[in-house]
There are 2 protein chains.
Amino acid sequence: MKKDDLLKLDNQLCFSVYALSREITKLYRPLLDELGVTYPQYLVLLVLWEEESSTVKHLGERLYLDSGTLTPMLKRMEIAGLLRRDRDKEDERTVRISLTEKGEKLRANAYCIPESLLKRLGSEEQEVDRLLATLRGMIQQVQQQIPN
Amino acid sequence: MKKDDLLKLDNQLCFSVYALSREITKLYRPLLDELGVTYPQYLVLLVLWEEESSTVKHLGERLYLDSGTLTPMLKRMEIAGLLRRDRDKEDERTVRISLTEKGEKLRANAYCIPESLLKRLGSEEQEVDRLLATLRGMIQQVQQQIPN
DNA sequence: TACAATTTAATTTTACACAATTTAATTTGA
DNA sequence: TCAAATTAAATTGTGTAAAATTAAATTGTA
């Protein structure tokens with residue numbers, strides 16, 4: 001790549017990833033509105049649908065989000081009746097997160113969300129899996145310790 | 001894919017894209033801090049470094065951002081001395097955006113930013129180009145009119 | 001045992017994102 | 001020509017993100 005091209009917007013991997021992420025969020029929004037949740041809340045629910053119970057720390061690890069983002073989000077989800085936040089008795093720093101019935105029930109109506117993207121892409125499952133693996137590998141690479 | 005797997009976080013393309021985008025932003029942050037700009041401001045600058053002059057509308061088209069996001073951002077960049085915002089005399093709805101000398105000078109120190117990602121990924125240029133093309137195609141696919 | 005170090009979540013601050021709405025300017029069509 | 005429709009940017013309101021900081025709890029070590 002010529003040096004001049006290095007700073008062209010269309011050559012920025014970061015921008016394509018960023019823009020795609022936002023476009024997917026936008027695609028999902030009307031469907032998520034029907035569920036009554038925002039996109040990051042949907043991601044929280046995905047984790048909780050997989051696991052009986054979680055903690056703020058664990059959700060943060062799975063979603064690469066810190067408690068600055070999670071705490072207000074979880075509070076709003078608690079207020080909305082989707083989950084409960086309980087201080088762990090054995091270690092009071094830890095806050096356990098568990099779904100309510102209401103939160104669990106939402107799962108049944110959530111299949112349309114990933115399906116909408118797969119339909120839009122019209123790709124073979126294999127292609128999607130390969131891309132997923134690529135992206136996950138990249139996340140690990142980017143997350144590596146900064147040598148500075 | 002089994003129906004049950006459809007809602008697993010690790011199978012969500014949307015999450016991988018979202019997480020990667022945020023990790024790249026995080027990687028860039030210290031470098032951008034030295035330039036004195038945020039990541040979205042960096043994207044604005046990339047467009048302006050390519051073009052003599054732009055408008056809020058055009059920046060929005062290139063970056064898929066609306067004026068709710070752009071206007072405050074551009075205002076802060078104007079205050080920081082990076083660019084100017086001028087009402088177009090022929091169509092007063094239009095606001096022209098142009099770089100100051102200070103804004104232009106930043107370009108020379110910006111090469112390290114995309115380079116940091118390429119170095120972290122250690123990929124061949126061809127691989128990156130192919131991935132870029134894939135992601136750009138996906139953006140178009142997701143952006144297509146909603147058939148509802 | 002006492003205290004320093006570390007951990008967990010909460011809080012504070014700043015900057016986005018985006019839907020909805022508003023304001024002002026321009027274009028369109030009768 | 002003029003009102004209706006459309007456009008461009010600004011504003012409003014809500015919800016993230018993330019760095020920095022704080023408060024409380026727990027762990028590690030002398």
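How far does a polar side-chain atom of Gln41(A) lie from a phosphate oxygen of DNA strand D? In this predicted model, the distance is 2.9 Å.

**View 1. Polar contacts to the phosphates of DNA strand D.** Besides Gln41(A), whose polar side-chain atom is 2.9 Å from a phosphate oxygen, chain B contributes Thr71(B) at 2.5 Å and Arg85(B) at 2.6 Å. Elements giving two or more residues to the surface near the strand are α2 (39-50) and α4 (67-79) in chain A, and α1 (13-35), α3 (56-63), α4 (67-79) and β2 (83-87) in chain B.

**View 2. The protein surface around DNA strand D.** The strand is surrounded by 29 residues, and the closest include Thr38(A), Tyr18(B) and Arg93(B). Of the strand atoms that come within 4 Å of the protein, 80% belong to sugar and phosphate. The surface residues comprise 14 charged, 8 polar and 7 nonpolar.

**View 3. A salt bridge between chains.** Arg62(B) and Asp10(A) pair through their side chains, with an N to O distance of 3.6 Å. Because Arg62(B) is in helix α3 of chain B and Asp10(A) is in the segment before α1 (13-35) of chain A, the pair joins two chains. Arg62(B) is buried at 17% relative accessible area, whereas Asp10(A) is partly exposed at 41%. Both belong to a salt-bridge network that also includes Glu50(B) and Glu51(B).

**View 4. Salt bridges within chain A.** Glu50(A) and Arg62(A) form a salt bridge at 3.7 Å, N to O. This pair links helix α2 to helix α3 (residues 56-63), 12 residues apart. Asp33(A) and Arg29(A) form another, with the closest N and O atoms 3.7 Å apart; both residues lie in helix α1, 4 residues apart.

Technical notes. Residues are numbered from 1 along each chain as its sequence is written. Chains are lettered from A and ligands numbered from 1 in the order in which they are written. This is a predicted model: local features need pLDDT of at least 70, side-chain atom pairs count only at pLDDT 80 or more; totals for chains, interfaces and linings use all residues. Side-chain values use heavy atoms; hydrogens and water are left out. A residue is near a molecule or strand if one of its heavy atoms lies within 4 Å of it. A polar contact is a pair of N or O atoms within 3.5 Å; within protein, one must be able to donate a hydrogen and the other to accept it, and residues adjacent in sequence count only if both atoms are side-chain atoms. Ala, Val, Leu, Ile, Met, Phe, Trp, Tyr, Cys and Pro count as nonpolar, Asp, Glu, Lys and Arg as charged, and the others, Gly among them, as polar. A salt bridge is a side-chain nitrogen of Lys or Arg within 4 Å of a carboxyl oxygen of Asp or Glu. Buried means under 20% relative accessible area, exposed over 50%, partly exposed in between (1.4 Å probe, protein chains only).
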